[in-house]
Amino acid sequence: MRSDNGLVRNPSSFRAAGRIGYRRCRDQCQNPSGVSLALFISVLILSSANAAGVAGIDGTAKRGPEAILHDEEIGSNLEPHPDPNDEHYDDMIYVGRHACGTHHSTEENLVLQRGGDGGDGESTNTKRRLSADVDNGIKYIFGTSFDETHRDIEEEDLHHERYGADIMRDIADRAHGARTREEVLKERRHGKVDSDRGPKPFGYVDIHPLDGGVVPPKVVRVDPFFMDEAPVTNKEFAKFVRATYYETEAEQFGWSFVLKSFLPKAEMLETADVDPEAEDWVAVDGAYWRAPEGPGTSYKYRENHPVVHVSHRDAAEYCTWKGKRLPGEREWEAAARAGHYGPANRTLYAWGEDGSTEAAKNRANLWGEGKFPFENHAEDSWRGTSPVKTYPPNEFGFCDLTGNVWEWMRGGKHKTRIVRGASYVDSLDGSFNHAATLGARSTLHGTTSTGNVGFRCVKSPQRRTEYHWVYHDEETHGQLAVEDKYGKKDMIPQQGWEDQFEVDGDDDDEFEPGDDSDGYTEQKKKRKVVKPRTRRSNEL
């Protein structure tokens, strides 16, 4: 960085190495004849610092970028990442990579937190969760389960990492004809648009006609997260309403959608409005989460059932109140597939490939073999919603990820919010409504509230606190000091700037060109503040 008078100032990255050089040549900098000498000395010292480097943990000298990364002053604004093994939240399960490369159940995670082993003699260290210092996310094949193109993806494609030693190297992608990632992106950005199909809006995806899943399947990666074992229940949502006096959008609008076969009175069909895109759903005045089928009905005997008649905003408000958030659909599918991530073990349903009612009735709440919407034989013992955790969990410990209720996802547009998981009105093969596969996906308007849509919450693991410097601007923040007629400066208290002198312990560390007689003034006052964390997951 070069100042107006031609002098080279020491970059902050080499502050530690350049302090000595600056102090040695500062006096010569005052004299124009010493400019060339000062320039030579500064460059020489910086070059020596780069060549000498710093010593690593193993005692070897670090040079170039490695020396900068290991500089104590440069890294002073970064704290170490918290240990994910110390985190535990009630009724939530951790999804992320472990030291042994596999996921562990809730019981195993509790054992790890207590410091014991897994009970099978395996070392605890091999079962511990990986920290954020390494790549601890999950890579898997995301998308519909009906599209067989996922079999073209090789197992090695799930292990193509873009970090560590390969961070500057582009690795060929087998799923795109051995072309590199850069080549694929260039073709997408600069290739010709299909005139028949036309350009697509932001967020558009092709979907399969049976389950609505994304086609073609592709390899994706998600950061680790915690997710609720089961959907939020009426009892839990009631606590939120009593604590905050929250009014759902169904209450504000005065109506919500109810399945026509669940109407309290048959004559309501003659006058009620229906959803133009789903004629089996009727707009019932007075229906909301406390009265799921309208006036005269109650949730009292369904306190452990998933809460329904909640819009996307209602779900997001509850998650915020709990200090959580809605899941991204890639996070949701990673939890639903429960380790069946590769082409070798990827399955159609949560329980395998068997699509018979006999196989599904003890594992998920679906419509069954009856004619929709009036014939439900209740093979699974329920005609509407069922209590959460009625059916056995998947291998990770999550319940009701298939059937019971659709679940709101994070993201999407207001008119096309994403829901995942299918519900009690869906079929196994997609002969009516959606096929209840692991890739089942649909979109709804954000204000939609209906009797078969609920939600669950997720939470991101704790990350280290990062800081950055905020410079004081007298025009914005006001003066920090006033000078009297004798030249004495009196400090003016400014809230939040009590530590404005905590730049460094040495006044000679950094200067900037100014109007003083010697050509230099002190650097602007600055303070160290916490950098807000805006990235909660890698999906958005």
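Let's start with Ser 386, which is buried, with a relative accessible area of 0%. Keep in mind that this is a predicted model. Ser 386 sits in the loop that runs between α11 (357-360) and β14 (406-408). Leaving aside residues up to four places away in sequence, Ser 386 touches His 305, Pro 306, Asn 365, Tyr 391 and Asn 404. With one of these, Asn 365, there is also a side-chain to side-chain polar contact of 3.3 Å.

Stay in that loop for a moment, since there's a bit more to look at. Pro 373 lies between α11 and β14 too, and the peptide bond leading into Pro 373 from Phe 372 is cis, with omega near 10°. Ser 381 is another resident of the loop between α11 and β14. Its phi is positive, about 80°, although Ser 381 is not a glycine. Is Ser 381 buried or exposed? At 59% relative accessibility, Ser 381 counts as exposed, because the cut-off for that label is over 50%. Ser 386, by contrast, is buried at 0%.

If you're checking backbone torsions, a few other places deserve a look. Ala 422, in the loop between β15 (417-420) and β16 (441-444), has a phi near 65°, a positive value in a residue other than glycine. Ala 422 is buried, and its relative accessible area is 0%. There's a cis peptide bond from Val 215 to Pro 216 as well, with omega near -10°. Pro 216 belongs to the loop between β8 (214-215) and β9 (218-222).

Now for the helices. What angle do the axes of α6 and α9 make where they cross? Helix α6 (residues 234-244) and helix α9 (residues 312-321) have axes that cross at roughly 80° and come within 11 Å. The two helices are therefore roughly perpendicular to each other, as angles from 65 to 115 degrees fall in that class. On the α6 side, the contact is made by Glu 236, Phe 237, Lys 239, Phe 240, Ala 243 and Thr 244. They meet Asp 314, Glu 317, Tyr 318 and Trp 321 in α9. Sorted by class, this contact between α6 and α9 has five nonpolar, one polar and four charged residues. An α-helix has 3.6 residues a turn, so residues three or four places apart point the same way.

Helix α10 (residues 329-337) is a matter of burial. Eight of its nine residues are buried, so α10 is largely enclosed by the rest of the structure. The buried set includes charged names you might pause over: Glu 329, Glu 331, Glu 333 and Arg 337 are among them. Trp 332, Ala 334, Ala 335 and Ala 336 are also buried. Right after α10 comes Ala 338, whose phi is positive, near 50°.

Finally, the sheet. Three strands form an open sheet in the order β11-β13-β12, and the pairing is antiparallel. Why do β11 (255-259) and β12 (273-275) each have a side without a neighbour in the sheet? Both stand at the edges with a single partner strand, so one side of each is left without a neighbour there. Neighbouring strands are turned by 45° against each other on average, direction ignored. Strands of a sheet pair through backbone hydrogen bonds, either parallel or antiparallel. Here, β11 and strand β13 (residues 278-285) run antiparallel and are joined by five bridges. To find the register, take Phe 257, whose bridge partner in β13 is Ala 283.

How values were computed
Residues numbered from 1 in each chain as written. Predicted model: local features only at pLDDT ≥ 70, side-chain atom pairs only at ≥ 80, totals over all residues. Heavy atoms only, no water. Axes fitted to C-alpha atoms, helices over the stretch in contact; angles between N-to-C directions. Helix = DSSP H or I, 4+ residues; strand = E, 2+ residues; numbered from the N terminus. Parallel < 35°, antiparallel > 145°, perpendicular 65-115°, else oblique. Contact = heavy atoms within 4.5 Å. Nonpolar A, V, L, I, M, F, W, Y, C, P; charged D, E, K, R; others polar. Pairing = 2+ DSSP bridges. Buried < 20%, exposed > 50% of the residue type's maximum accessible area, 1.4 Å probe, protein only. Polar contact = N/O pair within 3.5 Å; in protein donor to acceptor, adjacent residues only side chain to side chain.
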